[in-house]
Amino acid sequence: MIKVFLFAHLQERAGRHEVTIDKGELTVRELKERLMDEYHLPSLESVMVAVNEQYSLEDEVISAGDVVALIPPVSGG
């Protein structure tokens, strides 16, 4: 099982701050596609992904037991 934490507008859109994915392995890109489909999230192209607290690229493999955070861009002022 993969634990995924959602932040900011992603959390609001999905209606939850955490989801679990019951899959052994998938890439960051596959995870993004799955979340967009299942939770009707907007494009995740600009979202940073951290796997086990390390920023990850699209082709990195996520395995069962990993913890993933989806971090949308922030603006400040």
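**Entry 1: Lys32 and its partner**

I started with Lys32, which counts as buried at 5% relative accessibility. I was working in a predicted model, so I kept that in mind throughout. The cut-off I needed here is that buried means under 20% relative accessible area. What does the side chain of Lys32 meet in a salt bridge? I found Glu58 there, with a distance of 2.5 Å from N to O. The two residues come from distant parts of the chain, 26 residues apart: Lys32 sits in helix H2 (residues 28–39), while Glu58 sits in the loop between strand S5 (54–55) and strand S6 (61–63). I also looked up the accessibility of Glu58, and with a relative accessible area of 29% this residue is partly exposed. My note to self is that side chains of opposite charge can pair when their charged atoms come close.

**Entry 2: more about Glu58**

I stayed with Glu58 and asked which residues touch it, leaving aside neighbours within four places in sequence. My list reads Thr27, Val28, Arg29 and Lys32. I then checked Arg29 by backbone position: the C-alpha atoms of Glu58 and Arg29 are separated by 4.9 Å, although the two residues are 29 residues apart along the chain. The pair of side chains from Glu58 and Lys32 also turned up as a polar contact, at 2.5 Å.

**Entry 3: the other salt bridges**

How many salt bridges are there by this rule? I counted three. One joins the side chains of Glu18 and Lys3, with 3.9 Å from N to O. This pair also links distant parts of the chain, since Glu18 belongs to strand S2 (residues 18–21) and Lys3 to strand S1 (residues 2–6), 15 residues apart. I wrote down their accessibilities too: Glu18 is partly exposed at 28%, and Lys3 is partly exposed at 33%.

Another salt bridge joins the side chains of Arg34 and Glu38, at 2.7 Å from N to O. Here I looked at the spacing: both residues are in helix H2, and because they are four residues apart, about one helical turn separates them. Arg34 is partly exposed at 26% relative accessibility, and Glu38 is partly exposed at 41%.

**Entry 4: Asp66, a charge on its own**

Next I went to Asp66, in the loop between S6 and strand S7 (67–71). Is Asp66 buried or exposed? I found it buried, yet without a salt bridge. The nearest side chain of opposite charge is Lys3, and that is 12 Å away. A salt bridge needs the nitrogen within 4 Å of the carboxyl oxygen, so I could not write one down for Asp66. What I could write down is a backbone partner: the side chain of Asp66 reaches the backbone nitrogen of Ser63 at 2.8 Å. Not counting residues up to four places away in sequence, Asp66 touches Met1, Ile2, Lys3, Val51, Asn52 and Val61.

**Entry 5: the nonpolar core**

I turned to the largest nonpolar core, which has 20 residues. Val4, Leu31, Leu35, Val68 and Leu70 have the most contacts inside this core. At least two core residues come from each of S1, helix H1 (8–14), S2, H2, strand S4 (48–51) and S7. H2 gives the largest share, four residues.

I picked Val68 to see what surrounds it. Apart from neighbours within four places in sequence, Val68 is in contact with Ile2, Lys3, Val4, Phe5, Leu31, Val49, Ala50, Val51 and Ile62.

I also looked up Ile21, which lies in strand S2. Ile21 is buried, with a relative accessible area of 1%. Beyond neighbours within four places in sequence, its contacts are Met1, Ile2, Val4, Leu31, Arg34 and Leu35. For a distance check I took Ile21 and Glu45: they are 24 residues apart in sequence and 20 Å apart in space, from C-alpha to C-alpha.

**Entry 6: the sheet**

Last, I traced the strands. In what order do the five strands of the open sheet lie? I read S2-S1-S7-S4-S5, with mixed pairing. S2 and S5 are the edge strands, as each pairs on one side only. I reminded myself that strands of a sheet pair through backbone hydrogen bonds, either parallel or antiparallel. S4 and S5 pair in the antiparallel sense, over two bridges. For Val51, I noted that its bridge partner in S5 is Gln54.

Definitions and conventions. Residues numbered from 1 in each chain as written. Predicted model: local features only at pLDDT ≥ 70, side-chain atom pairs only at ≥ 80, totals over all residues. Heavy atoms only, no water. Buried < 20%, exposed > 50% of the residue type's maximum accessible area, 1.4 Å probe, protein only. Lys, Arg positive; Asp, Glu negative; His and termini not counted. Polar contact = N/O pair within 3.5 Å; in protein donor to acceptor, adjacent residues only side chain to side chain. Contact = heavy atoms within 4.5 Å. Core = buried A, V, L, I, M, F, W, Y, C linked by side-chain atoms within 4.5 Å. Pairing = 2+ DSSP bridges.
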